[in-house]
Amino acid sequence: MQYTKTVTLDINGSEVEAELTFNHTPFSPGFYSGPPEDCYPCEQEEYELIKLVAEDNDCSWMLDHIGDSLIEQIGEEDES
C-alpha cells in the first residue's frame, strides 16, 4: 500500500521537512500447522521508498544515500 508522510531532513545543521512517498508491506507471520497445502512462510516487513520532495524540489536522488535513516524515522512514527 502506498503512503505519503512528512519526514525531517538534517541538511547542514538545519532541519527541513520533506514529503516521503513509499510502499509499505507489514510483517506477516507464517502459518506452519495443519496440512502442508495450508502452510505458508512468514513475510518480513518491507519499505520501498519512491519519492522525496523538500521545499517543492524533487530530492529522490537522495533516497539511495539516506534511505535507511528515513525508514527508521517512519518506523518510529508507526510505533508511536
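Which residue takes a positive phi in the hairpin of β1 and β2, which has 2 residues between the strands? Asn12 does, with a phi near 50 degrees, and the close-ups below start there. The model is predicted, so to speak straight from the tin: local features need pLDDT of at least 70, side-chain atom pairs count only at pLDDT 80 or more, and totals for chains, interfaces and linings use all residues. Numbering runs from 1 along each chain as its sequence is written, and side-chain values use heavy atoms, with hydrogens and water left out.

**View 1. Asn12 at the turn of the β1-β2 hairpin.** Asn12 sits in the loop between β1 and β2; strands (E, at least two residues) and helices (H or I, at least four) are DSSP runs numbered from the N terminus. Its phi, near 50 degrees, is positive in a residue other than glycine. That catches the eye because most residues other than glycine have a negative phi. Is Asn12 buried or exposed? Asn12 counts as exposed because its relative accessible area is 80% (buried is under 20%, exposed over 50%, partly exposed in between, with a 1.4 Å probe and protein chains only).

**View 2. The ladder between β1 and β2.** These two strands pair in the antiparallel sense, and 10 bridges connect them (a pair needs at least two DSSP bridges). To find your place along the ladder, look for Thr4, whose bridge partner in β2 is Thr21.

**View 3. The whole open sheet.** Here are 4 strands in the order β1-β2-β3-β4, with antiparallel pairing. At the edges you get β1 (2-11) and β4 (57-58), each of which pairs on one side only. Moving inward, β2 and β3 run antiparallel and are joined by 8 bridges. A handy landmark on that seam is Leu20, which stands opposite Leu52 in β3.

**View 4. Glu55 and the β3-β4 hairpin.** Strand β3 covers residues 46-54, and its antiparallel pairing with β4 runs over 2 bridges. Two contacts can be picked out across these strands: Ala54 stands opposite Asn57 in β4, and Val53 stands opposite Asp58 in β4. The hairpin has 2 residues between the strands, and Glu55 takes a positive phi near 50 degrees there. Glu55 belongs to the loop between β3 and β4 and is another residue other than glycine with a positive phi. How accessible is Glu55? Its relative accessibility is 63%, so Glu55 counts as exposed.

**View 5. A patch of negative charge on the surface.** Asp10, Glu15, Glu17 and Glu19 gather here. For patches, residues need over 30% relative accessible area and no salt bridge, and like charges are joined within 9 Å. Strand β2 (residues 14-25) gives the most to this patch, with 3 residues. Glu19 has its place in β2, and because its relative accessible area is 36%, Glu19 counts as partly exposed.

**View 6. Asp38 and Tyr40, out on the β2-β3 loop.** Asp38 lies in the loop between β2 and β3, and Tyr40 is found in that loop too. Asp38 is partly exposed, with a relative accessible area of 43%. Tyr40 is also partly exposed, at 43% relative accessibility. Now for the distances. Asp38 is 19 residues along the chain from Glu19, and their C-alpha atoms are separated by 41 Å. Tyr40 and Ile66 are 26 residues apart in sequence, with 33 Å from C-alpha to C-alpha.

**View 7. Leu70 in helix α1.** The helix spans residues 63-79, and Leu70 is one of its residues. Is Leu70 buried or exposed? Leu70 is buried, because its relative accessible area is just 1%. Include Tyr3 in the frame as well: Leu70 and Tyr3 are 67 residues apart along the chain, while their C-alpha atoms are separated by 13 Å.

Conventions:
Patch = residues over 30% accessible without salt bridge, like charges linked within 9 Å, V, L, I, M, F, W, Y side chains within 5 Å. Areas by Shrake-Rupley, 256 points an atom, 1.4 Å probe, with all protein chains shown as cover. Salt bridge = Lys/Arg side-chain N within 4 Å of Asp/Glu carboxyl O. Lys, Arg positive; Asp, Glu negative; His and termini not counted. Charge placed at Lys NZ, Arg CZ, Asp CG, Glu CD.
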